[in-house]
Amino acid sequence: MAKKTVEDLRDVSGTRVFVRVDFNVPLEEGRITDDTRIAAALPTLRRLIAGKARVVLAAHLGRPKGADPALSLRPVAERLSQLLGQPVALAGDCVGPEVKTMSAALEPGGVLMLENVRFHKEEEANDAGFAGRLIADTGATVFVNDAFGCAHRAHASTEGVSHHVKTSVAGLLMEKELRYLGMALEAKERPFVAILGGAKVSDKIQVIESLLPRVDALLVGGGMAYTFLRAGGAPTGKSLVEEDKLDLARELMSTAAGKIRLPVDHVVASAFKENAERRTLPADQVPEGWMGLDIGPATARAFAGEVKRARIVLWNGPMGVFEMKPFAEGTLAIARAMAESDGTTVVGGGDSVAAITRMGLADRIDHVSTGGGASLEFLAGDPLPGVACLEDK
């Protein structure tokens, strides 16, 4: 997956560079509540600005149905301007006469942000004509894809534009994502431990199948653990179980050569409520009508021990209902173990990242992935259109 990057661009001075970024940030009443994705793109942007490129940024925000002022990228442009310490102009659209005028006026080292590309339905349809307009109206001759979180989508601004420029390369964030996730898949160092959580086995079937031949241990927590526990004959009460995946779970466990490690204890509750009555019990005990909502302390210690001895650790998905404080401790225990690990640590998935961030441990993780769906598809071995279109090393 080695791709050329912005570091391989010899001379971009005066060149108009079309950069796809992932600025799909959370907003509350028009204010950005987390600018992590904006900050993640800064190394690429600073590299291009230092090289005196004329930088044109494309991004989406939310899922608009046509032009929606509430999903304008204006707050993003303003925040990026603050982080870069220079003006970032915002065009009123992503194609059209205004874009042509503003791009033509862009000075070397200047930055222009296009308005939300998803205001046009042609974006998600990967319409060739629309992709051509994105390039023709901006005058770009180079495409840089730094939006790993969108790389699993073949959209006009993530894949289509590559067919209308001379050069297509990865941004520095994209390169980092591919390097660390690729490192996990190659698993050249041992032991390699993967931790998977989240609600459903069905969401991660391909990831499990892809990882099992590679890992030394696959630690399973979260709601998905109960499908495996039920498949093994354990009572699960009202815990989340995918009945139609029980045969698959049995098959996976039978071919896993003992690599799949399930919880040995868990925190169960009488209802799916933060203030519900709760107990810590062995994993094969769930009172009738109760449900498992977190791994227990013995499981947390066992999983932390596996993390401590690993040379590569990949974590995707929470160990419990992380949003409710009484059921967050298992996820937090894994976050602490990851931060204390001497091995190479890679974290992906919204709640896993949230746990690391909430505890102030993000800077102690080797790589915190910005791509939820993209990282899952990459780990499942699926080709990513927004990566495949870039030039190989």
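Visitor: How far apart are N and O where the side chains of K3 and D392 meet in a salt bridge?
Guide: This is a predicted model. K3 lies in the segment before strand 1, while D392 lies in the segment after helix 14 (385–388). The pair links distant parts of the chain, 389 residues apart. The salt bridge between the K3 and D392 side chains has an N to O distance of 2.6 Å.

Visitor: Is K3 buried or exposed?
Guide: The relative accessible area of K3 is 10%. The cut-off for buried is under 20%. K3 therefore counts as buried.

Visitor: How many salt bridges does a search of the whole structure find?
Guide: Side chains of opposite charge can pair when their charged atoms come close. The pair of K3 and D392 is one case. R79 with D35 is another. The search of the whole structure gives a total of 18.

Visitor: Which parts of the chain does the salt bridge of R79 and D35 link?
Guide: The closest N and O atoms of R79 and D35 are 2.9 Å apart. The two residues are 44 apart along the chain. R79 sits in helix 3, and D35 in the loop between strand 3 (31–32) and helix 1 (36–40).

Visitor: What class of accessibility do R79 and D35 have?
Guide: R79 has 27% relative accessibility. D35 has a relative accessible area of 23%. Values between the 20% and 50% cut-offs give the middle class. So R79 is partly exposed, and D35 is likewise partly exposed.

Visitor: Where is R74, and what is the distance between its C-alpha atom and that of A89?
Guide: R74 is in helix 3 (residues 74–84). R74 is partly exposed, at 47% relative accessibility. A89 is 15 residues away along the chain. The C-alpha atoms of R74 and A89 are separated by 9.2 Å.

Visitor: In the salt bridge of D244 and K245, which residue is buried?
Guide: The closest N and O atoms of D244 and K245 are 3.2 Å apart. D244 has a relative accessible area of 60%, so D244 is exposed. For K245 the value is 18%. The buried residue is K245.

Visitor: Which residues are linked with R261 in a network of salt bridges?
Guide: The network joins R261 to two other residues. They are E306 and R309.

Visitor: Why is the pair of F18 and F143 tilted?
Guide: The structure holds one aromatic pair. The ring centres of F18 and F143 are 6.2 Å apart. F18 in strand 1 (residues 16–20) and F143 in strand 7 (residues 142–145) are 125 residues apart, and both are buried. The pair is tilted because the planes stand at 50°.

Visitor: At what distance from the ring centre of W290 does R279 lie?
Guide: R279 is placed over the face of W290. The distance to the ring centre is 4.3 Å.

Visitor: Which strands are at the edge of the open sheet of six strands?
Guide: The order is 11-10-9-15-16-17, with parallel pairing. An edge strand here pairs on one side only. The edge strands are strand 11 (260–261) and strand 17 (367–368).

Visitor: Which residue of strand 16 stands opposite I312?
Guide: Strand 15 (residues 312–316) and strand 16 (residues 344–348) run parallel. Five bridges join them. Opposite I312 stands T344.

Methods
Residues numbered from 1 in each chain as written. Predicted model: local features only at pLDDT ≥ 70, side-chain atom pairs only at ≥ 80, totals over all residues. Heavy atoms only, no water. Helix = DSSP H or I, 4+ residues; strand = E, 2+ residues; numbered from the N terminus. Buried < 20%, exposed > 50% of the residue type's maximum accessible area, 1.4 Å probe, protein only. Phe/Tyr/Trp six-rings, centres within 6.5 Å; stacked < 30°, edge-to-face > 60°. Lys NZ or Arg CZ within 6 Å of the ring centre and 35° of its normal. Salt bridge = Lys/Arg side-chain N within 4 Å of Asp/Glu carboxyl O. Pairing = 2+ DSSP bridges.
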